[in-house]
Amino acid sequence: MARRAAIGITEFDKLIENNYFYVDKTGFIKEWWESGDEVTLFTRPRRFGKTLFMNMVEQFLSIKYADRGNLFHGLSIWQEETYRKLQGTYPVISLSFAGIKKSSYQSTYNAIQKLIAREFNRCYFLLDGGCLTLQEKDAFLKIASGQGQEEDIATSLNQLSEYLLRYYGKRTVILLDEYDTPMQEAYVNGYWDSLAEFTRGLFETTFKNNPCLERGILTGITRISKESLFSGLNNLEVATVTSQKYAAAFGFTEDEVLCALEEFGLKDREDDVKNWYDGYRFGDCKSIYNPWSIINFLGKKKLSAYWANTSSNQLAGDLIQKGTVGIKQLAEDLLNGKSICVGIDEETVFDSLYYQKDAVWGLLLASGYLKVDGFRQNRKGKREYMLSLTNLEVREVFDRMFSRWLDSMEYPEGDFSDALLDGDLTAMDRILNDILISSISFYDSGAKPSKSRLPENFYHGLVLGLIASLRNLYAVTSNRESGFGRYDVLLEPLTAVDDAIILEFKVHDGKKGQDMEATVDAAIQQILHKQYAAALEAKGICRDRIRIYGFAFEGKRALAGGGKLEAYEA
């Protein structure tokens, strides 16, 4: 009889005691322990079992679970006597930053302070253990009551591990889950520097300058650069999605999924499941499945974008929204089923995210949106990676990124795309101007340009989002060579019925004495003079099926013009 596929459970003991579906990952405790690495950072996409993994490690090592060896009976870690003796023998400090998603530094700091205070309260027995001085007891009580100063909180885990060493006579294992969640929120909300300074001090005293530390594990989605957050932590071993170590520790392998499908009587759905949820590649493991989606499928027996319905990675979406035209162009290739060849930087340097394209692709890879199909050395000897969208589920999520930021607008993207298909210039003008008037501050790019002089790539990205819904009818490309230049956006119909459409954008400069109409005309003339229609004609699309439009933008103002190509050539 198949076990029950329980959704969202991250407590190891709850899974085991209730005989819920569980894929045995306990063997990686042995691999990690025998590596001898003092501090290990695991980076994996969200919903890949990081929290469950940390809870499993805690329950295996923690003295609090010294009498719970039965939880591991029948699992791979229990096959060796050495590890049966290791179970339940270490003091463990376990924290999770997963829920810390705040809009200000003070609220984030307060949340971290409360988490640490809670951990101190769990160790209240230390006050009666005869191992603390009166002064240390006072300091302990301050932190436990949430009244410690910032410098006290920064050194608090170092102090707690020292007290635990005195009490138990053993060094402490420290586990920190989703360490980067507050850091991403800090960058998105503009308080990165303040939080980085505090966190850098907390991490250094906890994981580096701590003689009472036995082992440490951190998990997260991104690998924040050593200079930004881990300066001084030369004892840090990092296992990213491209690392060989621990490649199969998170997510489900193909063999594990096949066994699960057989257990649940779903063996005949193997190909569908592979197309939807396979594709993650960690190290040498080329077929890793999203565990969150697999467990949902086992329970509901229905193919769906389950991962898409989890909390969104706002930063990843912002990178697409505010990225350069070049980034959007490559994103279009991905949506059109192509691979892109780019450099990646697996160390996230937040200060450079919006203008370092290698950092953008590195973060999207770490976040699970992309997979590595291969790599090559370019002429400069630098490694470049062939990347593509991970699977059908991720494609759906990625597609939403082009239109996500329009969801709250009065005129959704469908209205503009309908106006474009109908050639309704009045409706195009109305929709664009309404959106710009109501939401210009929301769309403001990372470069923070003047609201009266936003750059052309900003408007380019806006229109790309507005026409995202047309991808079922058109192959949408931008900034590609055609004729004697590079067009802004080209919509090539997927049928022999619809018209092809070419769009050109220009930022209006009122200082030149021209009106908006003249700028629209200049955009249309550029399409004609540089023969952007050549790429369409080369594919057999007749000129009477090609429409051209020019757009003039100035701050919160927009104006569209254009029509049939033949009308402008008469």
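## Close-up views of a predicted model

**View 1. A salt bridge joins K64 and E58.** K64 is exposed, with a relative accessible area of 52%, just past the cut-off of over 50% that the word "exposed" calls for. Keep in mind, as you look through these views, that the model is predicted. The side chain of K64 meets that of E58 in a salt bridge, and the N to O distance is 3.5 Å. Is E58 buried or exposed? With a relative accessibility of 9%, E58 counts as buried, because buried means under 20%. Side chains of opposite charge can pair when their charged atoms come close.

**View 2. K25 and E256 form a salt bridge between distant parts of the chain.** Here the two side chains meet with 3.1 Å from N to O. Where do the partners sit? K25 belongs to the loop between α1 (12-17) and α2, while E256 is in helix α11 (residues 254-263), so you are looking at residues 231 apart along the chain. K25 is buried, at 8% relative accessibility, whereas E256 is partly exposed, at 21%.

**View 3. K274 reaches E254.** The closest N and O atoms of this salt bridge are 2.7 Å apart. K274 lies in helix α12 (residues 270-277) and E254 in helix α11, with their positions 20 residues apart in the chain. Both count as partly exposed: K274 has a relative accessible area of 31%, and E254 has 26%. Elsewhere, D37, E237 and K245 are joined into one network by salt bridges that share partners.

**View 4. Helices α2 and α3 pack against each other.** Helix α2 covers residues 27-35 and helix α3 covers residues 50-61. Their axes are 11 Å apart and meet at an angle of about 75°, which means that α2 is roughly perpendicular to α3. Which residues make the contact? From α2 come F28, I29, W32 and W33; from α3 come F53, M56, V57, F60 and L61. By class, this contact has 9 nonpolar residues, with no polar and no charged ones.

**View 5. Stepping back to the whole chain.** The protein chain has 23 helices and 20 strands. Of its 570 residues, 56% are buried. Its accessible surface comes to about 24100 Å², and carbon and sulfur atoms account for 46% of that. Among contacts between residues at least 6 apart in sequence, 72% join residues at least 24 apart. How many salt bridges does the structure hold? There are 25, including the one between K25 and E256 shown above.

How values were computed:
Residues numbered from 1 in each chain as written. Predicted model: local features only at pLDDT ≥ 70, side-chain atom pairs only at ≥ 80, totals over all residues. Heavy atoms only, no water. Axes fitted to C-alpha atoms, helices over the stretch in contact; angles between N-to-C directions. Helix = DSSP H or I, 4+ residues; strand = E, 2+ residues; numbered from the N terminus. Parallel < 35°, antiparallel > 145°, perpendicular 65-115°, else oblique. Contact = heavy atoms within 4.5 Å. Nonpolar A, V, L, I, M, F, W, Y, C, P; charged D, E, K, R; others polar. Buried < 20%, exposed > 50% of the residue type's maximum accessible area, 1.4 Å probe, protein only. Areas by Shrake-Rupley, 256 points an atom, 1.4 Å probe, with all protein chains shown as cover. Salt bridge = Lys/Arg side-chain N within 4 Å of Asp/Glu carboxyl O.
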